[in-house]
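I opened a fresh notebook page for this one and went through the structure with a short list of things to look up. Here are my entries, in the order I wrote them.

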Amino acid sequence: MNHNIKIIIGLVKNAMRFALVVVLVSYMGTYSVSAQAKHDFLNQIEALKWKDLDSAIAILRHKYYQTRKEKDLLNSAHLAIEISKLYNRDRKSDSIRKWSIIASDAYEQLDDDWGKAMVLYQEAYWHFTTTNYEKALDLTLKGLRQMEELKDTQGIAEGHLLSATIFHFTNKWREGSVEGMLAGERFEQTKDYVNAAMAWSFAGHAYRTLGDLENAYRCFNKTLDMAKKSKNTVVIGMTFRDLAFFHSNAKNHDSSEFYFRKAKERIPLYMERQLMVTENGMALNFFNSGKYQECISLGMKVLETVKKRNELYFLAEVPGYIAVSYENLGQYDSAYKYMKIKSIYVDSLFTEGQEKALQEMQVKYETEKKEQQLANQSRSNLYIIIICAVLLLLLGVLLLFYKKRQEKNKALQELNQQLDKKNQQNELLLKEIHHRVKNNLEMVKSLISLQSAHLEDSKTRDAMLASQNRVQSMGIIHQKLYQGDNLGSIEMKDYFINLSEGILDSFNAEERIKIECIMDELELDIDTAIPLGLIVNELLTNAIKYAFPNKKDGMVFINLKKEQDTLLLNVSDSGIGKSTEQPTGTGFGSQLVQLLTIQLNGKMKEQIKGGTQISFTFKLDTAA
């Protein structure tokens, strides 16, 4: 019964999301009509971002491809940069970078100074997400100078906000307070209250960390005022979190806990990072108020999320206060353990002060052990005699067991060494086999190339080139196997990138056609990887040969993902789509794709709309 209710609720939510997308997509028809229509549309996307980021991205991507089809280069560039900015929320660096590059290409063609400045900001944010703070700040300041020359208030505000963000995460508090206030004032002028709240928040945290609680309180009040004007529940919740941090610094720990709980109520579960920051603040408040056990319990939960997201900034903080909490509880062994965890994760941030703290904790731990030993020695002589007698008996028994155990361990160790040696030999042999197979395939490819050089018939030469590429796709598999650590599987994203580069090079098309692998890292066994590689090779070859006639520029997208026991492959291009006027090849490539699809127990679907899109589903249990 409960399961059915959950299904119904899920269907209702999906229906509501679909309805919202349909309404906004239908409204998008007015996007390029007037500046006000664009402004209203982007405001709706900004509001949707905080509720359903995936839908917001889907809508903008739909509009982007629509404007591309209409050859509206300016609006497609604006939409690409907005898509890149949407990915800023969850710091998805690959997607930020991808759409920034797309926007950059368009703005360069248009020679649009505003667009170039926005690209500099997004490139800076990409470097920020990869912790290359120096490069991030350099690009931010370049973009800010361009916005100042253009006298664009919103653009100037975004530059100051990005500077404040970088200064915050590099502990440059005075610079961060100045940049945050400059950004907040300008965002208020443009009535961008969400970003104004963020800017004043950075300024408040800078003053709070510097110990200037009066200015911190003033900034946080401005943050709350902007958040209320924005009417954004999540932003209001984040503002309550700012006030909680302030009260924790002011030692009003009950008020701090109250505001942290109010913040947590308003931040949805899917915003994992914001919840992590909130719970981290709550744990710190427990620490500052002397509730060390509560601090440890919540801190460990935060640490799990921090490790999963690889948040270096928080990895420098969370194990530290857990360690000191254990120290204050007198549990020096646990304190030492978590201080060591901190040192492992923040090698680059390690300081002499931390090393001294580790040494002090280790001394305390050893001292406690010695004191405990002395206390045990001071017990009554009777207990000592009894214990010694029992120990002597046990020692005799243990010596017998120890001798036998040593003999078994020695035999086991020798056996393990032999097995390890054999495994190493087998692994070396298997790598050598893959190396030789790869070299043989390279030789086959070279022979085909030499043979095709003497052919005059263009169709025969094309067939030979296709064969070269097929051999190459298999050769890359074996190259990856002998170069990698895992001889049983292939990482497909890296494989597709290498395959794409080889095919583009064979057609001399690197300058006009770009191939994007929009996928996460995914490892597959060799029996699945080789047929998939051959399928993708055929589809890329067809796209380069037929989708972009007359040497037109274009893009091809590859996406492969795994859902439970199913693989989903999608290859699409931005070309002209299929037409009856296209030249026909031998038909072998199409037959090969169909046969390989059957081999992998898959199904293929082709769609012609704004280019060609071919989708496959494969069942992994029978594809192995």
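**Entry 1: V593.** I started with V593, and its relative accessibility is 6%, so I put it down as buried, the cut-off being under 20%. I should say at once that I am working from a predicted model. I placed V593 in helix α24, which covers residues 588-599. Next I looked for what V593 touches beyond its neighbours within four places in sequence, and I found I535, E538, M604 and F616. I then took the C-alpha distance from V593 to I535: it is 5.4 Å, although 58 residues separate the two along the chain.

**Entry 2: L532.** Which helix holds L532? I found L532 in helix α23, residues 526-547. Its relative accessibility is 0%, and I noted L532 as buried. Leaving out residues up to four places away in sequence, I listed M492, L524, L560, L567, L569, L600 and F618 as residues that L532 touches. For L532 and F618 I also noted the C-alpha separation, 9.9 Å, with their positions 86 residues apart along the chain.

**Entry 3: the whole chain.** I stepped back for some totals. I counted 25 helices and 7 strands in the secondary structure. The chain has 624 residues, and 43% of them count as buried. I looked up the contacts with a separation of 6 or more, and 62% of them are between residues 24 or more positions apart. The exposed area of the chain is about 34,600 Å², and carbon and sulfur atoms supply 53% of that.

**Entry 4: R241.** I wanted to know about a charged residue away from the surface. R241 sits in helix α12, residues 233-249. What does R241 have in place of a salt bridge? I found that R241 is buried and has no salt bridge; D242 is the nearest side chain of opposite charge, at 4.9 Å. A salt bridge needs a nitrogen and a carboxyl oxygen within 4 Å, so 4.9 Å does not qualify. What I did find is a polar contact of 2.9 Å between the side chains of R241 and Q274. Q274 also turned up in my contact list for R241, which leaves aside neighbours within four places in sequence and includes Y259, F260, A263, I267, V277 and T278 as well.

**Entry 5: E279.** I moved on to helix α14, residues 272-288, where E279 is found. Is E279 buried or exposed? With a relative accessible area of 7%, E279 is under the 20% cut-off and therefore buried. Beyond its neighbours within four places in sequence, I noted contacts of E279 with K264, L298, K301 and V302.

**Entry 6: salt bridges.** Side chains of opposite charge can pair when their charged atoms come close. I searched the whole structure for such pairs and got 16 salt bridges. I looked at some of them one by one.

- K116 and D111 form one of them, with their closest N and O atoms 2.8 Å apart. D111 is exposed, at a relative accessible area of 53%.
- E257 and K291 form another, with 3.7 Å between the closest N and O atoms. This pair links distant parts of the chain, 34 residues apart, with E257 in helix α13 (residues 253-266). I noted E257 as buried at 18%, and K291 as partly exposed at 32% relative accessibility.
- E265 and R266 also meet in a salt bridge, at 3.8 Å from N to O. E265 is exposed at 64% relative accessibility, whereas R266 is partly exposed at 28%.
- I also wrote down a network: E82, K85 and E158 are joined by salt bridges that share partners.

**Entry 7: a nonpolar patch.** Last, I went to the surface. Which residues form a nonpolar patch there? I found Y383, I386, I387, V390, L391, L394 and L398, and together they have about 680 Å² of accessible area. I checked Y383 on its own: it is found in helix α20, residues 381-453. Y383 has 52% relative accessibility, and because the cut-off for exposed is over 50%, I noted Y383 as exposed.

Notes: Residues numbered from 1 in each chain as written. Predicted model: local features only at pLDDT ≥ 70, side-chain atom pairs only at ≥ 80, totals over all residues. Heavy atoms only, no water. Helix = DSSP H or I, 4+ residues; strand = E, 2+ residues; numbered from the N terminus. Buried < 20%, exposed > 50% of the residue type's maximum accessible area, 1.4 Å probe, protein only. Contact = heavy atoms within 4.5 Å. Patch = residues over 30% accessible without salt bridge, like charges linked within 9 Å, V, L, I, M, F, W, Y side chains within 5 Å. Areas by Shrake-Rupley, 256 points an atom, 1.4 Å probe, with all protein chains shown as cover. Lys, Arg positive; Asp, Glu negative; His and termini not counted. Polar contact = N/O pair within 3.5 Å; in protein donor to acceptor, adjacent residues only side chain to side chain.
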